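Hi,

Here is the structure I said I would pass on. Have a look at it first, then read my notes below.

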Amino acid sequence: MRKALDRAALLRFHRSNGRGIIMQQPDQRDHGGGVDAAAARFGGQRADWIDLSTGINPQPYPIPALPADAWNALPDAAAQTALEDAARAFWQVPAGTALIAVPGASSAIARIPALAPRGTVRIPGPTYNEHAASFADSGWEVVEEGNTDAAVHVHPNNPDGRLWHATQTTAPLSIIDESFCDIIPEATLIAQATTPGTLILKSFGKFWGLAGLRLGFVIGDPALVAELRRMLGPWPVSGPALHIGAAALRDTDWADATRTRLAAEADRLDTLVTGAGAEIVGGTPLFRLYEVDDAQAWQVRLAEQHIWTRVFPYNPRWLRLGLPVPDGWARLEQALA
């Protein structure tokens with residue numbers, strides 16, 4: 001059985017004071033990563049750097065042995081069915097909904113605006129900016145509030161970890177992005193998948209730490225999922241991803257142990273960074289958002305020690321850090337001293 005975090009622990013990871021928030025424009029596609037560019041500016045080889053700019057589990061799921069045909073044969077229907085069955089069981093997907101595996105959640109984000117006639121989409125910000133960019137590129141008007149033709153809610157939100165209630169996520173086309181929800185499964189809005197016009201996104205790369213595998217899932221309205229399947233064409237997910245994803249989704253013991261470890265490491269990171277003068281804004285156990293006096297200055301200070309962090313163009317005081325690899329803690333402590 002999965003362990004449930006108590007409500008107090010859950011809320012501890014989702015505080016937000018909302019100060020200094022400026023709406024991000026749809027064309028501002030800033031992301032974490034970019035360590036190559038950081039190394040070019042601050043020196044060192046890529047392998048010398050600790051990348052804290054993303055919210056990816058630094059201790060990924062151990063890749064199992066793969067059959068040879070995962071590499072040298074076209075992905076077959078049985079492997080795809082096995083993966084989708086494992087996903088349905090892991091997320092307790094409601095009956096009557098459809099599920100599709102996709103080559104990364106971003107591939108679905110890029111295509112979803114084409115599933116409905118262009119109109120107005122509500123995307124409360126600040127949040128993960130690819131949704132707004134994708135809708136804007138498709139000719140939609142992006143707003144933050146009001147009655148709209150579509151809505152996107154990132155749950156928990158990136159970067160501040162806000163959680164949404166089911167009553168807040170309604171729209172004729174409703175997208176609920178749960179890319180970071182596997183760390184707090186009791187907060188899922190998966191029951192909303194039965195509501196017509198609703199799609200729930202799941203990311204494999206974040207919680208399982210295998211972002212390079214490019215695997216994600218879309219769950220919800222059967223008609224919308226069928227159209228998305230048509231758009232993606234045959235064999236959207238690679239053979240290795242089908243096998244690795246199915247094994248990981250069946251391994252609930254690993255998931256339980258990982259949630260416990262990530263919660264403890266997030267506490268450790270909070271203690272370390274607040275001790276250096278930052279204030280917690282929010283986040284999840286996979287990434288923490290802090291308010292500092294000058295986020296750019298903090299980023300440069302850490303980059304000079306070959307530690308890369310995330311800053312945001314719409315708030316000069318927000319600094320986001322992911323968790324370091326096990327042997328990176330000492331370097332982070334020294335850099336913040």
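A quick definition to start: two strands pair if DSSP finds at least two bridges between them. Helices (H or I, at least four residues) and strands (E, at least two) are DSSP runs, numbered from the N terminus. Residues are numbered from 1 along each chain as its sequence is written. Keep in mind that this is a predicted model, where local features need pLDDT of at least 70, side-chain atom pairs count only at pLDDT 80 or more, and totals for chains, interfaces and linings use all residues, while side-chain values use heavy atoms and leave out hydrogens and water.

Now the open sheet: four strands make it up, in the order 9-10-13-12, with antiparallel pairing. Strand 9 (279-284) and strand 12 (310-312) are its edges, each pairing on one side only. Strand 12 is joined to strand 13 (residues 315-322) by three bridges, and Val311 has Leu319 as its bridge partner there.

Next, helix 9. The 24 residues of this helix should span 34 Å at 1.5 Å a residue (counting one less than the number of residues), and its end C-alpha atoms are 35 Å apart, which agrees. After helix 9 comes Gly277, with a positive phi near 110°.

Finally, strand 8 (residues 216-220): five of its five residues are buried (under 20% relative accessible area, 1.4 Å probe, protein chains only), so the rest of the structure largely encloses it. Strand 8 pairs antiparallel with strand 2 (residues 98-102) over five bridges, and Ala101 stands opposite Phe217.

Cheers

Notes
Buried < 20%, exposed > 50% of the residue type's maximum accessible area, 1.4 Å probe, protein only.
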